[in-house]
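This report goes through one protein chain from its overall make-up to its core and its charged pairs. The sequence and structure come first.

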Amino acid sequence: MVSRANPNRAKEVGAVALDAYARASLEAMIDRVKAKLAELGPAVALHERELAEAAILDALAAIQEGKRADKLRARQVELEHILLSLTETAAVTGDAPTRRGGDR
């Protein structure tokens, strides 16, 4: 007798894979923000550092609680904005790498 495949099984497997990808992406973003904070050191304003550290803790909690991909992605977007802000801070303070050859 031929058994029928569970049509919901493919959706479940896809959701698990999506969650795993979102988790890995968020962990990578956490590492990038931590590295940028370490790189800039005291050049980061206290309120900006506290915001970044709070966002990192929220992201780690979301991972630990096993949140779904959409929730993890929201934390990743938040960290991306913080990383952009930190990069702008580096540019203003002169800690950003310079481009060689000048602008054209």
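## Overall make-up

Of the 104 residues in the protein chain, 28% count as buried. The model is predicted. Its secondary structure comes to three helices and zero strands, and the pattern along the sequence reads α-α-α.

The exposed surface of the protein chain is about 7,600 Å², of which carbon and sulfur atoms supply 56%. Taking contacts between residues at least 6 apart in sequence, 71% join residues at least 24 apart.

## The nonpolar core

In soluble globular proteins, nonpolar side chains tend to be buried together. Here the largest nonpolar core has 21 residues. The members that touch the most other members are Leu26, Ile30, Val33, Leu37, Leu79, Ile82 and Leu86. Three elements give two or more residues to this core: α1 (7-40), α2 (46-64) and α3 (69-93).

Leu79 is one of those core residues. Apart from its neighbours within four places in sequence, Leu79 is in contact with Leu26, Met29, Ile30, Val33, Ala55, Ile56 and Ala59. Among these partners, Leu26, Ile30 and Val33 are also listed with the core members that touch the most others.

## Leu51 in helix α2

Leu51 is found in helix α2. Is Leu51 buried or partly exposed? With a relative accessible area of 48%, Leu51 is partly exposed. A residue has to be under 20% to count as buried, so Leu51 does not meet that cut-off.

Leu51 and Ile82 are 31 residues apart in sequence, and their C-alpha atoms are 8.2 Å apart in space. Ile82 is among the core residues that touch the most other members.

## Asp19 and Arg68

The structure holds five salt bridges. One of them joins the side chains of Arg68 and Asp19, at 3.4 Å from N to O. This pair links distant parts of the chain: Arg68 is in the loop between α2 and α3, Asp19 is in helix α1, and 49 residues separate them.

The two partners differ in exposure. Asp19 counts as buried because its relative accessibility is 11% and the cut-off for buried is under 20%. Arg68, at 47% relative accessibility, counts as partly exposed. Which residues does Asp19 contact, leaving aside its neighbours within four places in sequence? They are Arg68, Ala69 and Leu72. The salt-bridge partner Arg68 is thus in this list of contacts together with Ala69 and Leu72.

## Two further salt bridges

The side chains of Arg73 and Glu80 also meet in a salt bridge, with an N to O distance of 3.4 Å. Arg73 has a relative accessible area of 40% and is partly exposed. Glu80 counts as partly exposed too, at 29% relative accessibility.

Glu78 and Arg75 form another salt bridge through their side chains, at 3.2 Å from N to O. How are Glu78 and Arg75 placed in helix α3? They are three residues apart, so about one helical turn separates them. Glu78 is partly exposed with a relative accessible area of 25%, and Arg75 counts as partly exposed at 27% relative accessibility. Both values lie between the cut-offs of under 20% for buried and over 50% for exposed.

Terms used. Residues numbered from 1 in each chain as written. Predicted model: local features only at pLDDT ≥ 70, side-chain atom pairs only at ≥ 80, totals over all residues. Heavy atoms only, no water. Core = buried A, V, L, I, M, F, W, Y, C linked by side-chain atoms within 4.5 Å. Buried < 20%, exposed > 50% of the residue type's maximum accessible area, 1.4 Å probe, protein only. Helix = DSSP H or I, 4+ residues; strand = E, 2+ residues; numbered from the N terminus. Contact = heavy atoms within 4.5 Å. Areas by Shrake-Rupley, 256 points an atom, 1.4 Å probe, with all protein chains shown as cover. Salt bridge = Lys/Arg side-chain N within 4 Å of Asp/Glu carboxyl O.
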